[in-house]
Amino acid sequence: MNTAVKPDHSPAVEAALLRAEQAYAAQNPMSRARHERAGHVLPGGHSRQTLFYAPFPLTIAGGRDARITDLDGHEYLNMVGDYAAGVYGHTCAPIQEAVGEAMRGGVSLSGLNTKEMELAELISRRIPSMEQVRFCNSGSEACLFAAQLARHAAKRPKLLVFNGCYHGGFMIYGSVDAPLSVPFPLVKATYNDIPGTRAALKSNSTDLAAVIVEPMLGSGGAIPATPEFLAMLREETRRLGIVLIFDEVMTSRLAPGGMQGLRGIAPDLTTLGKFWGGGFAFGAFGGSRELMRHLDMTKGGVLSQGGTFNNNVVAMTAGLVGARDVYTPEACVRLNSLGDSLRLQLNALGRSLGLSFHATGLGGVLNTHWNDLRLTEPSLVEPPAAPMRRLFQLEMIVRGYYVAQRGMINLSLPMTEGDIKAFVGEVRHYLTRNADMLPASSPDSREFP
């Protein structure tokens, strides 16, 4: 295993982090005051743990295209991209016009509307394994519904999950499961471990209803599954009569047919969310007619899936117009090519400066890392609040680039090659400025794709 020359918790890093926190706090007094006030009515001062970071998170007052403005009036290029949901940026005329028209036509219509069928048809065309689709309100809901559908259809209790996985707020599993996670009976395996996962599938086949897997880990560090690993999952689950669920809540944006289209692997069920709502709350799950018939009460199905806002006309309209007219297959390819270029440039920077800095991911979804490791599963990823991550985040924010503490980067359609060039230039300045205290690459470090 490669090791960094200088430890993450070095006194130099800690001192630099303290200076960065002071500069950040001095620059953002209104965000600080609002966060302190919010703590009286919102636990922790927020409603979404992902958005919190020390010493306090910015309050965003607005956004346009790929840029946001905070309460203190500073503008940033938004590299967070709402954690993969913000494909369209912050203003998208076709979606805004369509949503305005939909709202003028009336909301909470208490019945079927004229957009949900069209959106379902579009999803089925883009992702053919989703022969039938059901909508819900988030990717978290979609994963939970898909898991329960699989357990019902298979008449088996267990799910196979991967340590460090994230399938929404209800399903976060690892060596210690998140306290709010649904306590399903689980079999746990290691991501990208073909022999170990194959053995777990075989030894638990009579109890396993489903395998749920992200084709590329999102919250786990933007680590792609190898094509061989996904092919093994498809082969073994089919042979053993186990439902294969692809969680494509994040990864469906990486290719016109999602990662399953990119890899040529058709799962039994797929979950969607994030960008498919066009900026509004959205979730969907779907798959073969044979599985989805359990939700069709006109054909003997017994699963009743409720949800007042499942077919919310605003989300249905935004999702349809966005995917049909804006994030077309051509636009999808262009954006993800830009992301691949960014990843390659960041990795070249780390190599050229002799530093343990690199990026993983595919297309427009990336994650930066401060080590030399060839990352294959989440246990190898630094903690989100590691000092090196915090220092990079705060220094980049002060310089006009809104980045996530855990290192995740998500591109949006309004971004240009000029934006990417400027961001890479600022990262170069950061690395050069702080080279003396950043971890040096080891002699046997590998090149990263």
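Me: Lys-274 caught my eye in this predicted model; in which loop is Lys-274 found?
Reply: Happy to help you place it. Look at the stretch that joins two strands, with Lys-274 inside it. The loop lies between β11 (269–272) and β12 (283–287).

Me: What is phi of Lys-274 near?
Reply: Most residues other than glycine have a negative phi. Lys-274 is a residue other than glycine, yet its phi is positive. The value is near 50°.

Me: Is Lys-274 buried, partly exposed or exposed?
Reply: The relative accessibility of Lys-274 is 24%. Buried would need a value under 20%, and exposed one over 50%. Lys-274 therefore counts as partly exposed.

Me: Tyr-83 also has a positive phi; is Tyr-83 buried or exposed?
Reply: Tyr-83 is not a glycine, and its phi is about 55°. You will find Tyr-83 in the loop between β3 and α3 (93–104). Its relative accessibility is 8%, and the cut-off for buried is under 20%, so Tyr-83 counts as buried.

Me: Which peptide bond is cis, with omega near 5°?
Reply: Good one to look up on screen. Most peptide bonds are trans. To find this cis bond, go to the loop between α2 (29–38) and β1, where Pro-55 is found. The bond runs from Ala-54 to Pro-55.

Me: In the open sheet of four strands, which are the edge strands?
Reply: The strand order is β1-β2-β3-β15, and the pairing is mixed. An edge strand pairs on one side only. That description fits β1 (60–64) and β15 (401–402).

Me: And what is the bridge partner of Ile-68 in β3?
Reply: Strands of a sheet pair through backbone hydrogen bonds, either parallel or antiparallel. Here β2 (residues 67–70) and β3 (residues 75–78) pair in the antiparallel sense, over three bridges. Within β3, the partner of Ile-68 is Tyr-76.

Me: With which side chain does the side chain of Asp-372 make a polar contact?
Reply: Start in the loop between β14 (365–369) and α12 (387–398), the place of Asp-372. Asp-372 counts as buried, because its relative accessibility is 6%. At 3.0 Å, its side chain makes a polar contact with that of Ser-356.

Me: Let's turn to empty space. What is the volume of the largest cavity?
Reply: Rolling a probe the size of a water molecule over the atoms shows where empty space is left. Searching the whole structure gives one cavity of 30 Å³ or more. The space in the largest cavity is about 40 Å³.

Me: How many residues in the lining of the largest cavity are nonpolar?
Reply: The lining includes Arg-126, Ser-252, Phe-275 and Trp-276. Ala-255, Pro-256, Tyr-327 and Cys-332 are also among the lining residues. By class, one is polar, two are charged, and the nonpolar ones number six.

Me: Which element gives the largest share of the lining of the second largest pocket?
Reply: This pocket has a volume of about 380 Å³. Of its 13 lining residues, the closest to the centre are Leu-112, Glu-116, Val-133, Arg-134 and Phe-135. Two or more lining residues come from each of α4 (116–126) and β4 (132–136). The largest share, five residues, comes from α4.

Me: How many residues of that pocket lining are charged?
Reply: Glu-116 and Arg-134, both among the closest to the centre, belong to the charged class. In the lining of the second largest pocket there are five nonpolar and five polar residues. The charged residues number three.

Methods
Residues numbered from 1 in each chain as written. Predicted model: local features only at pLDDT ≥ 70, side-chain atom pairs only at ≥ 80, totals over all residues. Heavy atoms only, no water. 1 Å grid on protein atoms, 1.4 Å probe; cavity = no way out; pocket = protein on both sides within 12 Å on 5 of 7 lines; lining within 4 Å. Points joined across faces, edges and corners; volume = space filled by probe spheres on them. Buried < 20%, exposed > 50% of the residue type's maximum accessible area, 1.4 Å probe, protein only. Polar contact = N/O pair within 3.5 Å; in protein donor to acceptor, adjacent residues only side chain to side chain. Pairing = 2+ DSSP bridges.
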